[in-house]
Amino acid sequence: MEAPKTEEKEKEKSDYDAYFDMIQSRKKLSASLQEKLTAAFTKIPVSTFPQVARGKVIEILADTSIGDAVKILSESNIVSAPVRNPDTGDSMDWKERYLGILDYSTIVLWVLETADLAAAALTATSATAAGLGAGAAGTLGAIALGATGPVAAVGLTAAAVGAAVAGGMAAEKGMGKDAPTAADELGEDFYKVILQEEPFKSTQVKAIVKSYRWAPFIPVSTESTMLSVLLLLSKYRLRNVPIIEPGNPLIKNFITQSAVVQGLEQCKGRDWFDSISMHPITELGLPFVSKEEVISSESDELILEAFKKMKDNQIGGLPVVEGPSKKIVGNVSIKDIRFLLLKQKLFTNFRRLTTRDFMNTIAATSEETRKVISPITCTINSTLGEVISTLSLNSVHRIYVVGDGNEVIGIITLRDVISCFITEPPNYLEEFHGPAIKEMLIKEKNRK
């Protein structure tokens with residue numbers, strides 16, 4: 001009876017190690033150089049890493065409304081923040097104190113899935129919308145639109161949406177519309193419902209943060225080394241690593257993939273950096289994502305399909321291509337999903353919006369025009385140092401490797417770049433952080 005459990009445990013381990021083992025096997029670097037690089041990061045304490053802007057981590061309380069959370073993120077000019085549980089009092093256990101990370105993609109994914117339920121309510125007359133029972137309304141939503149899972153986690157029903165519409169959103173607009181038509185024409189009215197009307201206005205952050213999270217929440221101590229952080233950001237796929245002081249569960253800092261790569265750029269001239277950055281990317285086995293593995297979006301594809309591909313494949317972005325040769329014409333990242341919520345013109349037409357139209361609208365109204373119109377690329381002959389400089393200069397999370405016809409033949413992410421610099425000593429995480437951190441990573445993988 002023990003054999004199956006052992007085999008399952010080995011499978012979990014091999015799943016975690018497959019990416020990193022592949023990287024190590026592709027590197028055309030001497031073992032001594034790789035050991036030198038890894039040793040360098042074990043000597044750098046996390047406490048020396050630059051602090052976040054303003055020197056203070058912005059937190060959002062779990063009982064904050066979705067609307068207020070959007071306001072906090074916008075006014076602080078940040079795209080994500082840790083969610084703290086106000087009910088834990090003076091607990092010194094960070095697992096009790098923090099529920100996870102909330103970001104714009106979390107909010108917008110919730111909004112888009114809830115839109116279908118709102119559309120069901122808009123098909124009813126004002127009288128029906130106001131008086132529909134919760135059970136019947138829930139059935140209506142499930143049958144008409146397949147609204148399950150995350151919507152249920154939010155605790156919303158078509159009856160609640162219908163009551164909001166009947167209470168102040170001119171419910172007669174919904175009369176005579178079928179659900180798809182109502183969803184297509186929701187636009188400004190639905191935008192107002194989400195941020196200004198009940199029950200959306202009072203829906204709390206804690207209702208969605210766990211259902212929609214993209215990565216586990218695993219902090220490390222200020223006494224940890226940068227090797228621990230780099231392993232979590234690369235091999236174990238964390239997007240950011242919270243930093244806490246020993247015996248104090250409050251988050252003191254955040255270290256992101258972007259911050260690490262920008263830090264690497266500043267290491268030019270140091271022996272350990274130059275010893276690897278001068279190598280062509282092919283000598284490091286890059287790109288790790290090959291032409292056959294590239295997930296892309298056609299420019300005439302619906303933008304919702306592009307975001308769905310990111311969510312389903314747990315990736316942060318993808319190239320936008322055109323024609324038989326798959327020539328790259330743009331880039332869409334999961335962070336861009338926030339524009340659907342922040343730009344009302346986009347939200348109004350989100351069901352009919354193509355990837356091309358989405359990019360063009362952002363380009364016409366955003367300071368990030370160049371990033372949207374001109375995807376960041378390199379060639380197979382580029383050096384790792386050149387790739388790092390390009391990623392750092394443009395503050396992007398991926399660079400596309402293109403061939404002679406500007407077709408995408410590979411992708412290099414921030415995670416890939418970080419992975420080039422390190423190896424994992426045997427049992428490193430367990431030795432320095434205990435078995436709990438590995439258990440959490442495996443638990444998160446099983447959840448997905």
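In this predicted model, Ser 395 is found in the loop that runs between α20 (384–394) and β12 (398–402). The phi angle of Ser 395 is positive, at about 50 degrees, although the residue is not a glycine. Most residues other than glycine have a negative phi, and most peptide bonds are trans. With a relative accessible area of 36%, Ser 395 is partly exposed. A positive phi in a residue other than glycine also occurs at Arg 237, where the angle is near 65 degrees. Arg 237 is placed in the loop between α12 (226–233) and β5 (240–245), and its relative accessible area of 45% makes this residue partly exposed. A cis peptide bond, with omega at about 0 degrees, joins Leu 286 and Pro 287, and Pro 287 belongs to the loop between α14 and β7.

Taken as a whole, the protein chain has a secondary structure of 23 helices and 13 strands. Of its 448 residues, 50% are buried. Among the contacts in the chain with a separation of 6 or more, 71% are made by residues 24 or more positions apart.

The loop between α14 (271–277) and β7 (289–290) also holds Phe 288, and the aromatic residues are considered next. A pair of aromatic rings is described by the distance of the centres and the angle of the planes. The structure holds 8 aromatic pairs. One of them is formed by Tyr 19 and Phe 288, whose rings are arranged edge-to-face, with 6.3 Å from centre to centre and 85 degrees between the planes. This pair links distant parts of the chain, since Tyr 19 lies in helix α1 (residues 2–26) and Phe 288 lies 269 residues apart from it in sequence. Tyr 19 has a relative accessible area of 14% and is buried, and Phe 288, at 4% relative accessibility, likewise counts as buried. A further pair, formed by Tyr 98 and Phe 217, is tilted, with the centres 5.6 Å apart and 40 degrees between the planes. Because Tyr 98 lies in strand β3 (residues 98–103) and Phe 217 in the loop between α11 (187–196) and β4 (220–221), the pair ties together parts that are 119 residues apart in sequence. Tyr 98 is buried, with a relative accessible area of 4%, and Phe 217 is buried with a relative accessible area of 9%. In addition, one aromatic cluster is formed by Phe 41, Trp 272, Phe 273 and Phe 421.

The ring of Tyr 19 also has a charged partner, for the charged end of Arg 415 sits over this ring, 3.5 Å from its centre. Arg 415 lies in helix α21 (residues 414–420). Although Arg 415 is buried, it has no salt bridge, and the nearest side chain of opposite charge, that of Asp 416, is 5.5 Å away. The side chain of Arg 415 does, however, reach the backbone oxygen of Lys 235 at 3.4 Å. When residues up to four places away in sequence are not counted, Arg 415 touches Tyr 19, Leu 233, Ser 234, Lys 235, Arg 237 and Gln 257.

Side chains of opposite charge can pair when their charged atoms come close, and the structure holds 7 salt bridges. One of these is formed by Glu 424 with Lys 235, the closest N and O atoms being 2.4 Å apart. The partners come from distant parts of the chain, with Glu 424 in the loop between α21 and α22 (428–433) and Lys 235 in the loop between α12 and β5, 189 residues apart. Glu 424 is partly exposed at 22% relative accessibility, whereas Lys 235 is buried at 6%. Another salt bridge joins the side chains of Glu 59 and Arg 84, at 2.7 Å from N to O. Here Glu 59 lies in the loop between α2 (31–42) and β1, and Arg 84 in strand β2 (residues 80–84), 25 residues apart. A third example is that of Asp 312 with Lys 308, whose closest N and O atoms are 2.6 Å apart; both residues lie in helix α15 (residues 303–313), 4 residues apart, which is about one turn of the helix.

Finally, Asp 63 is located in the loop between β1 (60–61) and α3 (66–75) and is partly exposed, at 37% relative accessibility. Asp 63 and Lys 206 are separated by 143 residues in sequence, yet their C-alpha atoms are 6.4 Å apart in space. Apart from neighbours within four places in sequence, Asp 63 is in contact with Pro 86 and Gln 204.

Methods. Residues are numbered from 1 along each chain as its sequence is written. This is a predicted model: local features need pLDDT of at least 70, side-chain atom pairs count only at pLDDT 80 or more; totals for chains, interfaces and linings use all residues. Side-chain values use heavy atoms; hydrogens and water are left out. Helices (H or I, at least four residues) and strands (E, at least two) are DSSP runs, numbered from the N terminus. Buried means under 20% relative accessible area, exposed over 50%, partly exposed in between (1.4 Å probe, protein chains only). Lys and Arg count as positive and Asp and Glu as negative; His and the chain ends are not counted. A salt bridge is a side-chain nitrogen of Lys or Arg within 4 Å of a carboxyl oxygen of Asp or Glu. A polar contact is a pair of N or O atoms within 3.5 Å; within protein, one must be able to donate a hydrogen and the other to accept it, and residues adjacent in sequence count only if both atoms are side-chain atoms. Contact means heavy atoms within 4.5 Å. Rings of Phe, Tyr and Trp (its six-membered ring) pair if their centres lie within 6.5 Å; planes under 30 degrees apart count as stacked, over 60 as edge-to-face and the rest as tilted. A charge sits over a ring if NZ of Lys or CZ of Arg is within 6 Å of the ring centre and within 35 degrees of the ring normal.
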